[in-house]
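Me: Could you take one part of this model and go through it closely with me, step by step, as you would for someone in a first year of study? I would like to see how that part is placed and how it connects with the rest of the chain.

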Amino acid sequence: MAALLARRSTEEASSSVLPSPGSEDGEDTVKVVAREEELPMVFLCAGCKRAVGDTLDWEANEEKTRCLFLRSVSPTVAVDKEQKLSSWPGERGCVLETLFCSGCKMTLGSIYRCTPRHLDYKRDLYCLSIDCLESYTLGSAEQKADVDEEPLTLESQAILEESLEKAEATLKALEHRLSLVESGLASLPNND
């Protein structure tokens, strides 16, 4: 998952680097990712492998805190409505709600409900810790199914329909014979 941040944050052509307002040395940067070149990824809870979000809602990532920011998440992500103050350095005054997986109860990150002006870019975004996630790139499967069946043509369809008609006629004949046997058994006296 660390490779995800590295890959996403080093894409100069498809992302832009925004310094966080209030950061003097430019060390605290946010990567805003364009959503056009790469195949979509699905983020999974590292605990139970349930889908929690995807790159279609990717807003940014922050290398310093090892978090990615999504505009929305799946219903698997639950929000603890108990608000807490952030304990991260430089986030004094931030009010957070904890995000957790509704399947395995693993803590996934937080959502910023109140932020100082220099952290407004985080407000109301789902901040997921990459240490709690795994990912899957759609379309990345390497094994393909071997389909050696011949396609259904008009000729093969006619043969198949003929076989089905024969099977249906056989089943009707067997059903008729079975009903004759059952009626013959019903007419026998009971041996109670």
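**From one loop to the largest pocket**

Reply: The place of G47 is in the loop between β3 and β4, the latter being residues 51-54. Please keep in mind throughout that this is a predicted model. G47 has a relative accessible area of 48%, and because the exposed class begins only over 50%, G47 is described as partly exposed. If we set aside residues up to four places away in sequence, G47 touches C104 and M106. The residue numbered between those two, K105, is 58 residues from G47 along the chain, and yet the C-alpha atoms of G47 and K105 are separated by 8.6 Å.

That brings us to K105, which lies in the loop between β8 and β9. The phi angle of K105 is near 70°, a positive value in a residue other than glycine. K105 counts as exposed, because its relative accessibility of 55% is over the 50% cut-off. A second residue with a positive phi is D124, where the angle is about 65° although D124 is not a glycine. D124 is found in the loop between β9 and β10, and with a relative accessible area of 40% it is partly exposed.

Now step from these loops into the strands, beginning with T98, which lies in strand β8. What decides whether T98 is called buried or exposed? Its relative accessibility is 19%, and since buried means under 20%, T98 counts as buried. Leaving aside neighbours within four places in sequence, T98 is in contact with A78, V79, D80 and K84, and also with T107, G109 and S110. For orientation, β7 covers residues 77-85 and β9 covers residues 107-114, so you can find these partners of T98 in the structure by their numbers.

A further link can be followed from E82, which lies in strand β7. Apart from neighbours within four places in sequence, E82 is in contact with L96 and E97. E82 and E97 are 15 residues apart along the chain, while their C-alpha atoms are separated by 6.2 Å.

On the other side of this walk is S129, which lies in strand β10. S129 is buried, with a relative accessible area of 16%. Not counting neighbours within four places in sequence, its contacts are R66, C67, L108 and G109. G109 therefore appears as a contact of T98 as well as of S129, two residues that count as buried.

With those strands in mind, we can turn to the pocket. The largest pocket has a volume of about 240 Å³. Its lining is made up of 18 residues, and the closest to the centre of the pocket are W88, L96, G109, S110 and Y112. Here you meet L96, which is a contact of E82, and G109 and S110, which are contacts of T98. At least two lining residues come from each of β7 (77-85), β8 (95-101), β9 (107-114) and β10 (126-129). Which strand gives the most to the lining of the largest pocket? That is β9, with four residues. By type, the lining divides into six nonpolar, eight polar and four charged residues.

Some of these strands also take part in the nonpolar packing of the chain. The largest nonpolar core has 16 residues, of which F43, V52, L68, L70, L108, L128 and L133 touch the most other members. At least two residues of this core come from each of β3 (41-45), β6 (67-70), β8, β9 and β10. Another core, of nine residues, lies apart from it and includes C94, L96, Y112 and L119. In soluble globular proteins, nonpolar side chains tend to be buried together.

Finally, it helps to place this part in the whole. The protein chain has two helices and 11 strands, and read along the sequence, its pattern is α-β-β-β-β-β-β-β-β-β-β-β-α. Of its 192 residues, 31% count as buried. Among the contacts with a separation of 6 or more, 49% are between residues 24 or more positions apart. The chain exposes about 12800 Å², and carbon and sulfur atoms supply 54% of it.

Methods
Residues numbered from 1 in each chain as written. Predicted model: local features only at pLDDT ≥ 70, side-chain atom pairs only at ≥ 80, totals over all residues. Heavy atoms only, no water. 1 Å grid on protein atoms, 1.4 Å probe; cavity = no way out; pocket = protein on both sides within 12 Å on 5 of 7 lines; lining within 4 Å. Points joined across faces, edges and corners; volume = space filled by probe spheres on them. Nonpolar A, V, L, I, M, F, W, Y, C, P; charged D, E, K, R; others polar. Contact = heavy atoms within 4.5 Å. Buried < 20%, exposed > 50% of the residue type's maximum accessible area, 1.4 Å probe, protein only. Areas by Shrake-Rupley, 256 points an atom, 1.4 Å probe, with all protein chains shown as cover. Core = buried A, V, L, I, M, F, W, Y, C linked by side-chain atoms within 4.5 Å.
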